[in-house]
Amino acid sequence: MAKPRIGTEDITRATVSFPADVYAELERIAATKKVSVAWVVREAAERYVAGEADPPAATSRSRK
């Protein structure tokens, strides 16, 4: 098993499943950027979380 990267932050591993078409798109993006699929997923997750932390007032919708 690969070691988590060493740095100032703690790393937690997660296992996720994607529909085949979504995973294929992640692979395409990763190949274009010359990075791993894991990097693409981490980047997307970080952007999503950052957006959820401070959603724009004009477009925020309540969730049920």
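User: Which residues make the nonpolar surface patch of about 320 Å²?

Analyst: Val16, Phe18, Val22 and Tyr23 make that patch. Before we go on: this is a predicted model, where local features need pLDDT of at least 70, side-chain atom pairs count only at pLDDT 80 or more, and totals for chains, interfaces and linings use all residues. Residues are numbered from 1 along each chain as its sequence is written, and side-chain values use heavy atoms, with hydrogens and water left out.

User: What makes Val16 fit for a patch, and why is Val16 called exposed?

Analyst: Patch members need over 30% relative accessible area and no salt bridge, with nonpolar side chains (Val, Leu, Ile, Met, Phe, Trp, Tyr) joined within 5 Å and like charges within 9 Å. Exposed means over 50%, buried under 20% and partly exposed in between, using a 1.4 Å probe and protein chains only. Val16 has 51%, so Val16 is exposed. You'll find Val16 in the segment before α1 (20-33).

User: How much of the protein is buried, and how much area does the protein expose?

Analyst: Of the 64 residues, 6% count as buried. The protein exposes about 6,200 Å² by the Shrake-Rupley method, and carbon and sulfur atoms supply 56% of that area.

User: What makes Ala30 a buried residue?

Analyst: Ala30 has a relative accessible area of 3%, which is under the 20% limit, so Ala30 is buried. Ala30 sits in helix α1 and touches Val35, Ser36, Val37 and Val40, leaving aside residues up to four places away in sequence. Touching here means heavy atoms within 4.5 Å. The C-alpha atoms of Ala30 and Val40 are 6.2 Å apart, though the two residues are 10 apart along the chain.

User: How many helices and strands are there, and how do you know what counts as one?

Analyst: There are two helices and zero strands. Both kinds are DSSP runs numbered from the N terminus: H or I with at least four residues for helices, E with at least two for strands.

User: Why are α1 and α2 called roughly perpendicular?

Analyst: Their axes, lines fitted to C-alpha atoms over the stretch in contact, cross at roughly 100 degrees and come within 8 Å. On a scale from 0 to 180 degrees between N-to-C directions, under 35 counts as roughly parallel, over 145 as roughly antiparallel, 65 to 115 as roughly perpendicular and the rest as oblique. The angle therefore lands in the perpendicular range. Tyr23, Leu26, Glu27, Ile29, Ala30 and Lys33 in α1 meet Val37, Trp39, Val40 and Val41 in α2.

User: What makes Arg28 and Glu25 a salt bridge?

Analyst: The rule wants a side-chain nitrogen of Lys or Arg within 4 Å of a carboxyl oxygen of Asp or Glu. The closest N and O atoms of this pair are 2.7 Å apart, so the rule is met. Both lie in α1, three residues apart, about one turn of the helix. Arg28 is partly exposed at 45%, and Glu25 is partly exposed at 36%.

User: How many salt bridges are there by this rule, and where is the other one?

Analyst: There are two. Glu43 and Arg47 pair at 3.1 Å, N to O. They are four residues apart in helix α2 (residues 37-53), so about one helical turn separates them. Glu43 is partly exposed at 24%, whereas Arg47 is exposed at 59%.

User: What makes the phi of Lys34 worth a look?

Analyst: Most residues other than glycine have a negative phi. Lys34 isn't a glycine, yet has a positive phi of about 60 degrees. Lys34 lies in the loop between α1 and α2 and, at 77%, is exposed.

How values were computed:
Areas by Shrake-Rupley, 256 points an atom, 1.4 Å probe, with all protein chains shown as cover.
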